[in-house]
Amino acid sequence: MKKKIQRSMILVIVTTIVVAYAITIVFIYGKIRTLVINDVENEAYYVASVANLSGESYINKISMNNFNCRVTLIKKDGSVLFDTEEDAGGMENHALRPEFLGAVNDGEGSSIRKSDTLDTDMYYYAIRLDNGDVVRLSKPLNDITKTALEFLPVMFTIAALMVLLAFFSSGHAAASIVAPINKLNLDNPLSNKTYPELNPLLHRIDDSNKEKAALADMRKEFSANVSHELKTPLTSISGYAEIIRDGIVKPSDIPKFSDRIVKESNRLLSLINDIIKLSELDEGKVEAQKENVDLFTLSRDIIERLSEKAQKNDIELSLSGEHCEVYGIRRILDEMIYNITDNAIKYNHKGGHVSIWAGRDMSGVSVVVTDDGIGIPDDQQERIFERFYRVDKSRSKELGGTGLGLSIVKHGAELHHAKVTVQSKVGEGTKMAVNFDIKR
Ligand code: ADP
């Protein structure tokens with residue numbers, strides 16, 4: 001963080017200094033130019049007025065030592081009479097020079113152009129004397145690159161000082177930025193009064209805290225339920241076993257009590273199996289190989305496995321639809337359809353019907369299990385997916401239910417990005433559908 005602040009501070013400083021430098025140079029360049037022009041013009045007026053008073057011979061005596069400017073005396077016809085820098089005899093006629101023409105016509109004239117000898121712009125200013133001759137003064141104008149170079153060392157020193165300052169103060173800046181962040185109360189993130197930029201983060205932490213708290217509550221409730229659910233069959237088992245051991249039971253009743261023990265043990269086993277399955281789903285341990293699974297064939301297998309149970313309860317099982325594949329975990333898909341079909345058989349009347357339809361529909365691939373059993377009250381159709389929730393607890397227990405079947409269905413559906421929907425009417429039956437959005 002210190003490095004990042006350091007880098008951005010230095011970047012800002014360097015950019016500011018470069019921009020300030022450019023603006024200053026342009027400004028100073030303009031100012032110096034104006035000063036040079038004023039200087040040349042003032043000196044020209046002075047030379048012209050002295051020459052008008054005391055005669056041109058005054059000009060002949062001027063040397064570069066007296067003035068900052070070059071002075072040239074030009075005759076009416078343009079021929080050069082005198083120049084402070086060059087031999088007048090060797091100089092060409094100046095009749096066409098713009099400043100000369102200006103002076104002859106209007107009394108004064110000026111021009112800026114590159115000097116023949118120096119590689120810089122020159123300012124020429126000419127004034128017509130009373131006798132008609134022209135006196136001209138000139139001086140090199142400053143050059144922008146030169147001005148820039150002159151100011152470079154000053155700017156460079158300022159930049160270096162500022163960069164050093166940034167370098168050393170960035171540690172302090174980082175520490176003062178971070179200090180309030182380190183003091184944040186993360187247990188109650190929305191109570192912090194800090195940088196507004198942190199608000200989205202604090203809201204996210206708050207959401208995550210709430211989710212964690214809800215999950216912790218759910219886990220606590222689940223453990224309490226599990227203990228209770230395990231204790232009940234175990235208490236029965238040990239009770240029956242004790243009275244058999246103590247010889248309290250009539251020998252003719254022993255098969256009945258043993259049967260109770262077997263039944264309760266089986267219930268315990270199913271419960272433990274379901275808990276294991278759920279915890280696997282919970283912890284995301286089921287990252288088994290996904291494969292293309294044909295839900296029609298899978299449903300046919302399930303019907304075969306459940307046919308004995310259905311026959312016992314005098315329930316007619318049927319399958320319709322078409323072959324349809326989803327990409328998923330076979331074991332879990334099997335578990336889901338099995339649990340739903342098993343419920344359709346369990347919560348049914350003698351002579352009832354259970355049908356499975358598997359195939360493609362508008363929204364993808366679906367498996368729909370329909371029964372004409374006891375139905376589920378409207379207000380409980382969502383709750384049946386909660387762990388250990390049963391509409392009729394004693395009926396579920398009597399039928400060997402664990403109250404976890406539909407929780408497994410719900411988790412399995414989430415794992416496959418599938419949707420489970422229930423339509424049910426008490427006394428008429430239930431239709432439970434799992435829809436796989438195969439576009440995913
Ligand atoms: P269980 O082991 O008790 O069957 P589930 O989680 O599979 O547990 O189902 C929860 C409850 O939902 C059941 O106890 C039952 O009351 C109700 N239920 C599920 N499927 C049906 C159905 N097809 N018809 C009527 N009630 C159902």
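Leu-306 is buried, at 1% relative accessibility. The residue belongs to helix α7, which spans residues 295–312. The C-alpha atom of Leu-306 lies 8.3 Å from that of Tyr-338, although 32 residues separate the two along the chain. The model described here is predicted.

Aromatic contacts were examined next. Five aromatic pairs were found in a search of the whole structure. In one of them, Phe-222 and Phe-388, the ring centres are 5.6 Å apart and the planes meet at 25°, so the pair is stacked. This pair connects distant parts of the chain, 166 residues apart. Phe-222 sits in helix α5 (residues 199–245), whereas Phe-388 sits in the loop between β10 (364–371) and α9 (393–398). Both phenylalanines are buried. Three tyrosines, Tyr-45, Tyr-123 and Tyr-125, make up one aromatic cluster.

Salt bridges number 23 across the whole structure. Helix α5 also contains Lys-210 and Asp-206, four residues apart and therefore separated by about one helical turn. Their side chains form a salt bridge with an N to O distance of 2.9 Å. The two partners differ in exposure: Lys-210 is exposed at 53% relative accessible area, while Asp-206 is buried at 10%.

A second bridge lies in helix α6 (residues 254–282), where Arg-267 and Glu-264 are three residues apart, about one helical turn. The N to O distance is 3.6 Å in this case. Arg-267 is buried, with a relative accessible area of 12%. Glu-264 is buried too, at 12% relative accessibility.

Glu-386 and Arg-383 are joined by a further salt bridge, at 2.9 Å from N to O. Glu-386 is partly exposed at 35%, and Arg-383 is partly exposed at 38%. Elsewhere, a network of salt bridges links Arg-33, Lys-114 and Asp-121.

The surface carries patches of two kinds, one nonpolar and one positively charged. Met-1, Ile-177 and Ile-181 make the nonpolar patch, which covers about 250 Å². Met-1 is located in the segment before α1 (2–54). Its relative accessibility of 53% is over the 50% cut-off, so Met-1 counts as exposed. The positive patch gathers Lys-2, Lys-3, Lys-4 and Arg-7. Of these, Lys-2 lies in helix α1. Lys-2 is partly exposed, at 45% relative accessibility.

How values were computed: Residues are numbered from 1 along each chain as its sequence is written. This is a predicted model: local features need pLDDT of at least 70, side-chain atom pairs count only at pLDDT 80 or more; totals for chains, interfaces and linings use all residues. Side-chain values use heavy atoms; hydrogens and water are left out. Patches are made of residues with over 30% relative accessible area and no salt bridge: like charges are joined within 9 Å, nonpolar side chains (Val, Leu, Ile, Met, Phe, Trp, Tyr) within 5 Å. Accessible areas come from the Shrake-Rupley method with a 1.4 Å probe; for residues, only the protein chains shown count as cover. A salt bridge is a side-chain nitrogen of Lys or Arg within 4 Å of a carboxyl oxygen of Asp or Glu. Helices (H or I, at least four residues) and strands (E, at least two) are DSSP runs, numbered from the N terminus. Buried means under 20% relative accessible area, exposed over 50%, partly exposed in between (1.4 Å probe, protein chains only). Lys and Arg count as positive and Asp and Glu as negative; His and the chain ends are not counted. The place of a charge is taken as NZ of Lys, CZ of Arg, CG of Asp or CD of Glu. Rings of Phe, Tyr and Trp (its six-membered ring) pair if their centres lie within 6.5 Å; planes under 30 degrees apart count as stacked, over 60 as edge-to-face and the rest as tilted.
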